[in-house]
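Student: Hi! Could you walk me through a structure I haven't looked at before?
Tutor: Happy to, let's bring it up.
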Amino acid sequence: MSDRLDDLERRIDELRSAVRRAMRARDTGTARVLRAELRHAERAWDALVSTVPAGPPEPPAPRLVTVREQVHQALHLLSAPAQPRLIVAVSGAFFGGTIRSAQLTSLRRDEARSFRSSPYGRPYYLCAALTDRLSPARGLLTLSAWPLERRVIGPLSPRVDFLTCAIAIATAAATAAAGAAAPDERATRLLAGLARNIPGGADGDVAPPDPERVAAAARAELAVHAERDTRDRAELAQRATSQLGDVARLFGAATLSTIVKEEAR
Amino acid sequence: MSGLKRSTSGPGERLAALRGTTPQSPHDARAIAALAANPGCARRALLDGAGIDKDAAARHLGFPAPFGQSPFAITRGNAFESLVKADGCAELLRMLREVLGLPIAEVAYHDVENVGAHLRHAHTRALIDRAAAGAPGAGTLYDHPLLSLEIAGSTAYLEPDVVAFQLGGRFHIVEIKSFAVIDGQADPSAVAAAARQAAVYVLALRALLEELGHDPLKVSHDVVLVCPENFANRPVATLVDVRRQLAVLRRQLTRMTALDRLLDDLPEDLTFDLAPGEDGLPTRPPAELADALRRTDARYAPDCLSACDLCFFCRDEARQEGASDLLGRQVRDELGGVASVEEALGLADGTRHPAEGQEEIARLLRNAERLRKECLA
């Protein structure tokens, strides 16, 4: 919530100075448009400030949680780099999320821009996973709070992350099922889709998946890959630490030439 | 970029002259696969050999092709492909484990697209070389590889969906298609087209291995075809043997490199140039282009309608000539030596005298006509 307010305040400041600039340049057309935006932003700020005191005691209604926060919740549960599709599914199944995949497309770019303008100004950033070239991996989101080892992607990592996510989802599903009378349909469907692709995770398509069994099967396969993946990732993380600057470490190096520039600096 | 490596010998110059000032259109897997669909067509061989944009030509002639993928089909195809590759290729790994018996430990995934576009081909080469040499930790799945194939002196770049490599074994091309397999049955023509396309990839990968000094037969002729099962979106994999398609394709490609014979029969000044103007639109009179195209032999068959951009032009030509080709390949083959429908009818009712070598088919046709009359009487 306070993030949203911070954003708005920054936006209002920007708009005010933009209006001043437009007036100085005698560009009345632009100034009018900017004023309208400014009023809009101020009204939104007013609305947010007056709802804040009522917010914290009771659980916030789903639609008041920003896209950013919803993605954070889902990623925090998964605790591994994940694709927007999975993030949306998890958010829908466990947090009553309202996000759609299309809303996640520009998220990483916005976060990178925000980080560049005021580094470490937010408690967390949604950032990129890094490939073996230390470039941002396509379509994967991570949290800046995670250790770098978890945010780099070696050859085995896609599978390891899939299994890690499956374990996290199975655990969450088991907890949710224990608390509720009937299991949530969306959570069941999500888990069934994962269970099918883990050897020994499910018998057939008919029976609803057993969360404990899915988690056990995933752990069994994870044990096969864990050692090599940990080694690969440690190596990559070390490389990333030694070669990349702050921005690139979070959002990936654009090209090899960028790394050269970073080193020269 | 594919036009740069053209050979400068005689046939190369002739082909360049055929193309004229029109830019060369690069071959993709679909186009190369379509070559194998009608190997007997000299017109197609020449046009492809010269890298002529058949679609633009057909459009200019007033016979635009009925196909080209619909945007809905492309979106559907992409969505299905991303579903198969989602979550670290989870679905694909399950299917490969079922179909090829992939060991549990084999899950390494390399996205070749991690490097820049200009390095992708080189990176593919390096990765495949490492895998073929049996280096430890070489990986199992290669996503977005970029292969190349020499087509009539120019290099075509090809993108298979996924290349899978099984430890101690062989490379398999994985082809992801979004047509449904219902009750174990799929549309035969769609499967045939997919098999032909996959055969192009197999050929390209084998060429790459041979170039790198490995055994080309490390690339399996069994292709993994991934399609949605029944009416759900759930993918299912089947192995498709593409040996036959490979043989046809190889023969067709050798024919394309040996275009000299076809070129010798053509007049020196013949060109299929569209003469594009400043705005890239063709300026050549359509009638002139049509005349030029008619100088080459086409071998129209109804199947062309699903594989060749010029199909409507050739069909129109075949109709005007009353050619027996219109009736399909089977009829044409049975009517060997009888070129037109009119001729066949003449032979059947006896108004036309069989030429030398036509006696056998004339007797059959007359018998058929007699039977038909008896039935109708």
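Tutor: We can go through chain A and then two spots in chain B. Keep in mind that this is a predicted model.

Student: Okay, how many helices and strands are there in chain A?
Tutor: Chain A has 11 helices and 2 strands.

Student: And what order do the elements of chain A run in, from the N terminus on?
Tutor: They go α-α-α-α-α-β-β-α-α-α-α-α-α.

Student: What share of chain A is buried residues?
Tutor: Of its 265 residues, 42% are buried. The accessible surface of chain A is about 14,300 Å², and carbon and sulfur atoms account for 56% of that.

Student: What about contacts in chain A between residues at least 6 apart in sequence: what percentage join residues at least 24 apart?
Tutor: That would be 63% of those contacts.

Student: Switching to chain B: is helix 3 buried or exposed?
Tutor: Helix 3 of chain B covers residues 42-49, and 8 of the 8 are buried, so the rest of the structure largely encloses it. Among them are R43(B), R44(B) and D48(B), along with L46(B) and L47(B).

Student: What follows helix 3 of chain B?
Tutor: G51(B) does, and its phi is positive, near 65 degrees.

Student: New topic: which residues gather in a patch of negative charge on the surface?
Tutor: D260(B), D264(B), D265(B) and D297(B) form that patch.

Student: Where is D264(B) placed?
Tutor: D264(B) sits in helix 9 of chain B, residues 260-264.

Student: Why does D264(B) count as exposed?
Tutor: Because its relative accessibility is 63%, and exposed means over 50%.

Technical notes: Residues numbered from 1 in each chain as written. Chains lettered and ligands numbered in written order. Predicted model: local features only at pLDDT ≥ 70, side-chain atom pairs only at ≥ 80, totals over all residues. Heavy atoms only, no water. Patch = residues over 30% accessible without salt bridge, like charges linked within 9 Å, V, L, I, M, F, W, Y side chains within 5 Å. Areas by Shrake-Rupley, 256 points an atom, 1.4 Å probe, with all protein chains shown as cover. Salt bridge = Lys/Arg side-chain N within 4 Å of Asp/Glu carboxyl O. Lys, Arg positive; Asp, Glu negative; His and termini not counted. Charge placed at Lys NZ, Arg CZ, Asp CG, Glu CD. Helix = DSSP H or I, 4+ residues; strand = E, 2+ residues; numbered from the N terminus. Buried < 20%, exposed > 50% of the residue type's maximum accessible area, 1.4 Å probe, protein only. Contact = heavy atoms within 4.5 Å.
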